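Got the viewer open? Let's take a walk through the chain, one selection at a time.

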Amino acid sequence: MDNTLFSRRRAERFAQLLDEANGARRHHVRSRVDGHLAPLVAVGQRLSVDPPAVEVDQDFRTGLRAMLLATAEREGLGSTPATASEPAATTTRGRLATTRGRLLPAVTARRARARGAILVGIAAGAIAVSGISAASENAVPGDALYGMKRSTERAQLALASSDISRGQLFLDFARTRLGEAAKLRGDRIGYSAVLDDMDADTRQGVRLLTSAAVQRAEPGSLDTLNTFVSSQRRAVRGLLDGSTRVDRERTHRSLLLLDSIRERSDDLRAAIACGLPAPTASDALGPAPSACPGDR
C-alpha cells in the first residue's frame, strides 16, 4: 500500500471525493492528486451499480479485520482520552467537536473523519478488488466484466508507491494482455487490438524501469526487464503456432518490440558500467544512451 496515501492532504482529499461520489456537495477547489485517486473512486462507483457476485474468503476477511483494527489503533481512531472533562471553549474559528466523549478541535475532527473515510475506503476497496479479481480475471475484451478488470488495474497504478512499482505493474499487465490474446486468436480485430494494448503496457513499463536505472545509476531495474523479455518472448512465440497469416504478422511486431527492449537494456547496462553521464535523448523505450568510448 502506498504510504503517501495516508498523508494528510491526500487523506482529506480522498474523503472529499468519496463524499462527492455519494452525492455530497461538490467542492470547487480541484486538487492535483485527483487524477491519481479518480481510478479508485471509479471502481467504487462501478461496484455500487453492478457488484460482482463473489464470496470473499473467510481468511481474507479475518486478515482484513486485523489490519483495519491495527490501523485504527495506530491512528487513534475511536479512542477516548484519560481526561475528557475539560471545558469546550467555543469560538468562531475554533469550534470543538465531540466524538464518544472526546473533545476535538474542528480541524482535528475533520482529519479524524478523513482517516475514517480512508479506512472505510480501504476496506471496501480491498473486498471489492478481491471480488473483482476472482470474477473478472478470465475476462477478455467484449466480456461484461472486462471494464472492471481494467479499472482495477488503473486503481493498482494509482496506489503504486514508486516509478519502479508502476513499471513492474505495467509489465504484469502486459503479461495479462498476452493471456487475453491467446484466447482471441482467429478474431483478427480483437487479437490485434489486445496486442496493441500489450505493447503499450510493455512500453510504459520499460520507460519507467529504464529511467529508474539511469537515475539511480544501477542496473537492478534492467535485471527485471531482461527477465520479463525472456519469459514474454517465449510466450509470444507460442502464439504463432496454428495462427492465421494475419495474426502471425501482427505477432512478429510484438516480438520485434521485445528484441528492441533487450537491446536497449544491454546498451544502458554498458553505459552505466562505463560511467557515462545520464542520457539526454529518449524515445518510447526511455533513455537512449551513447556508446561507451571503447565500443566506438
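First stop: is Arg177 buried or exposed? Select Arg177 and show the surface to check. Keep in mind that this is a predicted model. Arg177 turns out to be buried, because its relative accessible area is 0%, and the cut-off for buried is under 20%. Arg177 is part of helix α6. Now show what Arg177 touches, skipping anything up to four places away in sequence: you should get Tyr146, Lys149, Arg150, Glu153, Val194, Asp197, Met198 and Asp201.

**Zoom out for a moment**

Colour by secondary structure. There are nine helices and four strands, and going along the sequence they come in the order α-α-α-β-β-α-α-α-α-α-α-β-β. Of the 296 residues in the chain, 35% are buried. If you look at contacts between residues at least 6 apart in sequence, 63% of them join residues at least 24 apart.

**α5 and α6**

Select residues 146–159 for α5 and 163–183 for α6. Their axes come within 10 Å and cross at roughly 165 degrees, so the two helices are roughly antiparallel. The crossing is right-handed. Show side chains for Tyr146, Lys149, Arg150, Glu153, Gln156 and Leu157 on the α5 side, then Arg166, Leu169, Phe170, Phe173, Thr176, Arg177 and Glu180 on the α6 side; these make the contact. Our buried arginine, Arg177, is on that list. Sorted by class, the α5–α6 contact has six charged, five nonpolar and two polar residues.

**α7 against α8**

Next, select 188–216 (α7) and 220–238 (α8). The axes of α7 and α8 are 9 Å apart, at an angle of about 160 degrees, which means α7 is roughly antiparallel to α8. This crossing is left-handed. From α7, pick Met198, Thr202, Val206, Leu209, Thr210, Ala212 and Ala213; they meet Ser221, Leu222, Thr224, Leu225, Phe228, Gln232 and Val236 of α8. What classes of residue are in the contact of α7 with α8? Nine are nonpolar, five are polar and none is charged.

**α8 against α9**

Keep α8 and add α9, residues 245–273. Here the angle is about 160 degrees and the axes are 10 Å apart, so α8 and α9 are roughly antiparallel. The crossing of α8 and α9 is left-handed. Among the α8 residues in this contact are Leu225, Val229, Arg233 and Arg237, and among those of α9 are Leu258, Asp259, Ile261 and Asp266. By class, the contact of α8 with α9 has 10 nonpolar, six polar and seven charged residues.

**Into the core**

In soluble globular proteins, nonpolar side chains tend to be buried together. Which residues have the most contacts inside the largest nonpolar core? Select Leu225 and Ile261: they hold that place in a core of 29 residues. The elements that give two or more residues to this core are α6, α7, α8 and α9, with α7 supplying the largest share, nine residues.

Stay on Ile261 and show its contacts, leaving aside neighbours within four places in sequence: Thr202, Val206, Leu225, Val229 and Leu285. For the last stop, another core lies apart from the largest one, with six residues, including Leu157, Ala160, Leu169 and Phe173. Leu157, Leu169 and Phe173 should look familiar, as they belong to the α5–α6 contact.

Definitions and conventions: Residues numbered from 1 in each chain as written. Predicted model: local features only at pLDDT ≥ 70, side-chain atom pairs only at ≥ 80, totals over all residues. Heavy atoms only, no water. Axes fitted to C-alpha atoms, helices over the stretch in contact; angles between N-to-C directions. Parallel < 35°, antiparallel > 145°, perpendicular 65-115°, else oblique. Left-handed = near helix turned anticlockwise from the far one by under 90°. Contact = heavy atoms within 4.5 Å. Nonpolar A, V, L, I, M, F, W, Y, C, P; charged D, E, K, R; others polar. Core = buried A, V, L, I, M, F, W, Y, C linked by side-chain atoms within 4.5 Å. Buried < 20%, exposed > 50% of the residue type's maximum accessible area, 1.4 Å probe, protein only.
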